[in-house]
Amino acid sequence: MLYASTRNRNDTCTAQRPLCQDRADDGGLFVPVQIPQYTPQEILELLELPANDVIARILNVLFSTQIAGRDIEFLIGKEIFRTKEINYRITVGELWRNSEGDYAKTVRILSDHLCAGKGVQEPTFWARAGINIAMIFALFSQLSYHSAAELSNVQDIVVLGEDFVMPMAAWYCRKMGLPVGTIICCCNDNGNVWELLQRGQMKLDASRILTNTPKCDVAVPEGVEWLIYETIGAKAVEEFAAACAKGCLYEVDPLGYPALRQGFYASVVGEKRLLDIIPNVYSSTGYVLCPYSALSYSGLMDYRAVSGENSPALMISQWSPLHSRDVVAKAMGISIEDLRDRMKRM
């Protein structure tokens, strides 16, 4: 595959540069020149494969590698994630099933393998996006799509708005042919993504608000430039970059706004409500949410209340509840040891 910059589509490169650099030399983010698209039959055949083979297939397409499913198993283990149905047609995709209880470990391992000794210290934006795409495909392979009729039943995807890498991965998955419905982006009190998707504007000089979900304490997600480029175009990216340089308010052209928000929904969840959700969901389902998953759950409930939609939803979970054990235990009114015991029974 060839890649270009969000700020210069004519300067193309192979996948090696996006694996080694966050941004192109002109300051733009790397984007595929042409995203691969699968037919419904090809999607069905792909989703019938074991999860490790699905991940390998997608990574090979995106990065021109020759990874096998057994390589994925060797690198990150056999049980790399789990899908768990809870309630109200919600499935949690637990990507944190490793020794650290943190999906970032899986991303680091796969990125290191893809970079193959190129001295890259941290996974780049596109490395993370590509790995996320592969993992979402693998999660869908666990959702029992066995016929074209079932494939027509879309799954909404619930993600965090943090740096906008996961929302864009879901967007690319939909473009590639997965039955992805609405992409629900959930924000804490740092609600700039909500401002962009719901009002068509973003304060580029906004201050960061500190919360119990610190990884989402992002005023201006860098990956938003991907969204603007892919939905509105290069001209809009120029305007966005100029607004960023000035630190002023970015406003989407009214003609481009419908394309920007198509298939997206954003929700803002306040701190108190977030902490109330954790014990409430546990009491009704026996499932323990981490603060980030509680944020996603609340955002999904908001979307369903506003839209009246009740499609099945896949909620992406990147951190174990034990990753935020102090916050979770306090919200549930239990000790950390009691929390560990309840996690073992999940």
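Start by selecting Ala-104, Arg-128, Glu-162, Asp-163 and Gln-318: of the 19 residues that line the largest pocket, these lie nearest its centre. Keep in mind as you click around that this is a predicted model.

Next, colour the helices around that spot. α5 (103–115), α6 (125–141) and α8 (165–176) are the elements that give two or more residues to the pocket lining. The largest share comes from α5, with four residues. If you're thinking about what a probe would meet in there, the lining divides into nine nonpolar, two polar and eight charged residues. The space in this pocket comes to about 410 Å³.

Now leave the open pocket and look for enclosed space. How many cavities of 30 Å³ or more are there? The count comes to one, and the volume of the largest cavity is about 50 Å³. To see its walls, select Gly-161, Glu-162, Cys-186, Cys-187, Asn-190, Asn-192, Val-193, Cys-216, Val-218 and Pro-221. Show β7 (180–187) and α9 (192–199) as cartoon too, as each supplies at least two of these lining residues. By type, the cavity lining splits into six nonpolar, three polar and one charged. Glu-162 should ring a bell: it lines the cavity and is also among the residues nearest the pocket centre.

Time for some rings. The structure holds ten aromatic pairs. Pick Trp-126 and Tyr-172 and put a distance on the ring centres: they sit 5.4 Å apart with planes at 90°, so this pair is edge-to-face. Trp-126 belongs to helix α6 and Tyr-172 to helix α8, so the contact ties together parts 46 residues apart in sequence. Are these two rings' residues buried or exposed? Trp-126 is buried, at 0% relative accessibility, and Tyr-172 is buried as well, at 1%.

Hop over to Phe-240 and Tyr-250 for another example. Here the centres are 5.2 Å apart and the planes stand at 85°, so this pair is edge-to-face too. Phe-240 is in helix α11 (residues 234–246) and Tyr-250 in strand β9 (residues 249–251), so the pair ties together parts that are ten residues apart in sequence. Both Phe-240 and Tyr-250 are buried.

For the last stop, go back to Trp-126 and widen the selection. Which residues do ring pairs link into a cluster? Add Tyr-3, Phe-125, Trp-171, Tyr-172 and Trp-226 to Trp-126, and you have the cluster on screen. Show these side chains as sticks and trace the links from ring to ring.

Conventions
Residues numbered from 1 in each chain as written. Predicted model: local features only at pLDDT ≥ 70, side-chain atom pairs only at ≥ 80, totals over all residues. Heavy atoms only, no water. 1 Å grid on protein atoms, 1.4 Å probe; cavity = no way out; pocket = protein on both sides within 12 Å on 5 of 7 lines; lining within 4 Å. Points joined across faces, edges and corners; volume = space filled by probe spheres on them. Nonpolar A, V, L, I, M, F, W, Y, C, P; charged D, E, K, R; others polar. Phe/Tyr/Trp six-rings, centres within 6.5 Å; stacked < 30°, edge-to-face > 60°. Buried < 20%, exposed > 50% of the residue type's maximum accessible area, 1.4 Å probe, protein only.
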